[in-house]
Amino acid sequence: DCGCKMAFDTPSQQKWRTPLRDGLNWLAGRVHAIYDQRSVRAGADPWAERDAYGEVVGRRDRPDAPLLELEKYALRMFTSCGWFFDDIGGIEAIQILRYAARAIELSGAEKPALEAGLLDYLARAQSNDPAKGSGRDVYLNLVLH
């Protein structure tokens with residue numbers, strides 16, 4: 001709640017940033033574990049594979065390509081634009097929640113647990129706009145539409 005904002009004439013708070021960041025950190029930890037556990041290239045370093053993403057993602061003969069997509073979205077959740085604006089209901093935070101939703105979608109059988117866990121964090125991230133509710137409401141609105 002540092003007070004940084006774009007609309008200086010509008011009263012707002014940024015307390016929503018902490019539960020959003022905590023939730024995305026939690027989700028990223030789970031997604032990284034899924035990636036690590038499912039890495040199918042025996043003897044390969046899954047993190048080196050991730051870091052060489054551009055070289056391998058286009059190769060459909062690579063069974064780990066969907067896992068690399070999972071990692072891509074886990075990293076995109078931390079895009080800086082999501083953190084420097086006024087509200088969790090703004091387009092910037094919505095974009096990083098879209099990345100989180102895509103990572104969850106790619107997680108497979110873990111999807112329900114990951115989504116429920118993230119929603120618990122987001123419920124504590126109150127929007128400055130009462131009509132938008134919490135980050136939980138924002139997330140559910142974007143995944144249901």
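Tutor: Contact means heavy atoms within 4.5 Å. This is a predicted model: local features need pLDDT of at least 70 and side-chain atom pairs 80 or more, while totals for chains, interfaces and linings use all residues. Residues are numbered from 1 along each chain, and side-chain values use heavy atoms, leaving out hydrogens and water.

Student: How many helices are in the chain?

Tutor: Helices here are DSSP runs (H or I, at least four residues; strands are E, at least two), numbered from the N terminus. From that end on, the elements run α-α-α-α-α-α-α. The chain has zero strands, and its helices number seven.

Student: What covers the buried residues of α1?

Tutor: Helix α1 takes in residues 17–38. Its buried residues (under 20% relative accessible area, 1.4 Å probe, protein chains only) include Leu 20, Gly 23, Leu 24, Trp 26 and Leu 27. Their cover includes α2 (46–51), α4 (65–76), α5 (91–106) and α6 (111–122).

Student: Which helix gives the most to the largest nonpolar core?

Tutor: Such a core joins buried Ala, Val, Leu, Ile, Met, Phe, Trp, Tyr and Cys through side-chain atoms within 4.5 Å. This one has 34 residues, and Leu 20, Leu 24, Leu 27, Met 77, Leu 118 and Tyr 139 touch the most other members. At least two residues each come from α1, α4, α5, α6 and α7 (135–144). With nine residues, the top contributor is α5.

Student: Which residues does Leu 118 contact, leaving aside its neighbours within four places in sequence?

Tutor: Leu 118 belongs to that core. Beyond those neighbours, its contacts are Gly 23, Leu 24, Trp 26, Leu 27, Ala 100, Ile 104 and Tyr 139.

Student: What percentage of the chain's residues count as buried?

Tutor: The chain has 145 residues. Those that count as buried make up 42%.

Technical notes
The expected span of a helix is 1.5 Å times one less than its number of residues. Buried means under 20% relative accessible area, exposed over 50%, partly exposed in between (1.4 Å probe, protein chains only).
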